[in-house]
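Q: I'd like to learn how to read a protein model, one feature at a time. Could you walk me through it?

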Amino acid sequence: MQRSTKALLLTAASVSLAFGASSATAEKSNEGHRKNNPYVAGDMHNHNTCTDGSVAAGYTIDRAVGKGAAPAGGVNFDLDWFTLGNHGGSGNRDCRFADTSANLPGETTTYWSQTLGQTIQGITITSLKGTPNGTGTSAQMWRWQSIKELEYPVIIDRTAQYNKVLVEGLEWVVPGHEHTDVAVIAGQRPRNGGGNADKMAEFEFRFDRNDGDAIGPVDANGNPIWTGKDTVNNSGVAGHGKALEGVKWLQANFPLQSYAVPTHTERQGPFSATASKGYNIEHFRDFNNAGPTVAFGIESPGHMAEGGLTGGSGSYGPNAVGGGTYGMVGVYNAKIGGLWDGMLGEGRNFFMFISSDWHSRGAFGARDRATTADFIPGEYSKLYVPKTEGFRNQSIVDGMRRGNSYSVGGDVVGPDLVFRAKGPEGEWKTMGETIVAKPGETIKIEMEMTIPAKNNSPYSFANPLLAQVGLKQPLDKPSLDHVDLITSKITGVLQPGDAGYAVSNAAGVAGADIVYNPNAKLYQQIVSKDMKSKKLADGSVRLSFEATLKMGSEPGYIRARGTNIPLATPNVTDAAGNPLLDKNNALVDCADPACPAHLESVGGVKKVTHDVQAWSNLWFYANPIFFRPAGSPKLLVEKNAELAKRLGKHDHDDHDDEQHAERD
């Protein structure tokens, strides 16, 4: 990279950034544990036949965390950790079995009415509990029961089988809104062969708008145990109030043992005051205010193989905020100055995560390599958290809450990303942490990443999106074109009633035009050819570069993203390298003879759609590092991190060595 003396002036007398020559040379004397601290990959959002998925709960885990070939066919994806995250509500299928549509040997759609009283896979379901809901094959099991009595026992069994970290979670159907990923790990001790998921089940019963059960579990005298449920306020403004009560319940009871992360937040369009859909920025602010150590982020969508001629990747239609995905993520994360930057521009602890949202393979069966809908957990999307000593389910929650995580599509980078910075004095800080330096002092930034030799793509023909610009890169061999460093000043936390706290949203592409943080800038792009490069023995490539940041008089943050797509790639990126609306990818021909038959076509010409689109358009996102001038007030991200430490010191649940909160 050419040395640049150009500096970006963020305000008249504030943060300026200046990037020096690319280099991978680190100060050996200052190498901390984070330099060589690898991360572990997992998935926090997926489905099985307990709700609207296509495969059994156990099968989902087997394919996600197992190694090698699956016994029934297909490839396993060897994730390090996994959260089973079905919808709330109810389901009429026995989720020890796959649906007929999954096309698995000996598996057919099986209903609860057919199996009650039978012991199957070591689990006996004697009755459907709570308020009766349907008859015959339509008889429904409420989700709180399947969480307690089926999914958690499966997690205990698979934990012993694989020695992986498995968690029982939930995709909360949020009153007044879209969905949110929730986990309450309190009580879950699968590595000890015991424990329970009762608190996860109780949250679902109390706060899921699809759970109409008015009874729940009962004591020996038949009296309900979980009393006081709000069964009325499930939509619009009143629903948002109930949702806030759910976040407050988590914060009050499990501030370090739970999370609530809204997912595919753009999909249903903006919030409606009378319905149940969408979010505006004020709702994320409300959640973070109500749950400072619980509601700390946003999740980008799964469903990455759904994209057709008219869009649809991420399961986003034209009325989604933004009108679809951008570089395989929602516009709230993809847009510089968008909603994510709006939250970060206040200094909030608000981080980005990714998941598979696995349901099915669309036109294909679960064992097939091709898909027109979803990827199996670990196949395409990976959420990386630090591999701490004694890694357990608390480690997942801690890594997410602290913001020390990054999200990857298609293995464009591997499990050993380094994104860290340090001032003239003090230790290295990584994602989610804050550097304090004197105005005028230089902060050093390092990034290192490994580009794997192969990913899980079943296709080895050349990437059709890159072929437009003369690049011949096989789809099963990921590449990195450049990394973007994005920065902004931090202007302070907005409170309810402040100007700009609530912002009118918009459906469709109009939603992509809303700027929530005008200070956010794409400051510097570092292309891979200007990075230091080292070929590794397994065929992967280690890339690295350095940058510098000059501390100004106001706080700020710096975050990173990277992609295999060059600037100004037709129908994929604009001249600055920002992702375009992904439905434009379908304007590109897939002309290689090996392009699969299931791609959508125009006039007999196959187009870049479905799984080929996803494997062609790869991105990663690294959470921000914050910085502020010495002597200035602490940022909210710092205050909330300190709150977590104080809560950890007062947590006396030491009898549960698998769940105990952090002891910082």
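What follows is a short dialogue about reading this predicted model.

Q: Where do I start, and how confident is the predictor in this chain?
A: Start with pLDDT, the predictor's confidence in each residue. Here the chain averages a pLDDT of 93, and 92% of the residues score at least 70.

Q: Which residues have a pLDDT that stays under 50?
A: The general idea is that where pLDDT is low, the predicted coordinates should not be read in detail. In this model, pLDDT stays under 50 over residues 1-34 and again over residues 652-664. The model does have 96 contacts beyond four places in sequence for residues 1-34, and 43 such contacts for residues 652-664.

Q: Next, the core. Which residues touch the most other members of the largest nonpolar core?
A: In soluble globular proteins, nonpolar side chains tend to be buried together. The largest nonpolar core here has 151 residues, and Met400, Phe419, Met449 and Phe620 touch the most other members. As for elements, strand 29 (residues 619-629) gives the most to this core, namely seven residues.

Q: What does methionine 400 touch?
A: Leaving aside residues up to four places away in sequence, methionine 400 touches Met44, Tyr259, Val261, Phe296, Phe351, Phe353, Leu383 and Val385. Apart from the largest core lies another one, of 10 residues, including Val55, Ala98, Ala102 and Trp358.

Q: Back to strand 29. Is its phenylalanine 626 buried or exposed?
A: To decide, look at relative accessible area: under 20% means buried. Phenylalanine 626, which is found in strand 29, has a relative accessible area of 0%, so phenylalanine 626 is buried. There's another thing to spot here: a chain can bring together residues that are apart in sequence, and phenylalanine 626 and tyrosine 557 are 69 residues apart in sequence but 4.1 Å apart in space, C-alpha to C-alpha.

Q: What about a helix: how many residues of helix 6 are buried?
A: Go through a helix residue by residue and apply that cut-off. Helix 6 (residues 281-290) is mostly covered, with nine of its 10 residues buried. They are Ile281, Glu282, His283, Phe284, Arg285, Asp286, Phe287, Asn288 and Ala290.

Q: What do the buried residues of helix 6 pack against?
A: Among their partners are helix 5 (236-253), helix 7 (331-334), helix 8 (339-344) and helix 12 (636-649). On the strand side, the buried residues of helix 6 pack against strand 13 (258-262) and strand 14 (297-300).

Q: Let's take a serine. Is serine 395 buried or exposed?
A: Serine 395 is found in helix 9 (residues 393-402). Its relative accessibility is 5%, so serine 395 counts as buried. Not counting residues up to four places away in sequence, serine 395 touches Thr388 and Gly390.

Q: On to backbone angles. What is the phi of glutamine 121?
A: Most residues other than glycine have a negative phi, and most peptide bonds are trans. Glutamine 121 isn't a glycine, yet its phi is positive, about 55°. You'll find glutamine 121 in the loop between strand 6 (119-120) and strand 7 (123-124).

Q: Where does histidine 303 sit, and what is its phi?
A: Histidine 303 is in the loop between strand 14 and helix 7. Its phi is near 55°, a positive value in a residue other than glycine. Histidine 303 has a relative accessible area of 5%, so histidine 303 is buried.

Q: Now the empty spaces. How many cavities of 30 Å³ or more are there?
A: A cavity is closed off: a probe fits inside but cannot get out. The structure holds eight cavities of 30 Å³ or more, and the largest has a volume of about 80 Å³. It is lined by 16 residues, with Met328, Val329, Ile354, Gly409 and Trp619 the closest to its centre. Strand 17 gives the most to this lining, with three residues. By type, the lining of the largest cavity divides into 11 nonpolar, five polar and no charged residues.

Q: And what is the volume of the second largest pocket?
A: A pocket, unlike a cavity, is open. The second largest pocket has a volume of about 510 Å³. Its lining has 27 residues, and Phe77, Lys382, Tyr384, Asp411 and Pro415 lie nearest its centre. The largest share of this lining, three residues, comes from strand 3. The lining of the second largest pocket has 10 nonpolar, eight polar and nine charged residues.

Terms used: Residues numbered from 1 in each chain as written. Heavy atoms only, no water. Core = buried A, V, L, I, M, F, W, Y, C linked by side-chain atoms within 4.5 Å. Buried < 20%, exposed > 50% of the residue type's maximum accessible area, 1.4 Å probe, protein only. Helix = DSSP H or I, 4+ residues; strand = E, 2+ residues; numbered from the N terminus. Contact = heavy atoms within 4.5 Å. 1 Å grid on protein atoms, 1.4 Å probe; cavity = no way out; pocket = protein on both sides within 12 Å on 5 of 7 lines; lining within 4 Å. Points joined across faces, edges and corners; volume = space filled by probe spheres on them. Nonpolar A, V, L, I, M, F, W, Y, C, P; charged D, E, K, R; others polar. pLDDT = per-residue confidence, 0-100.
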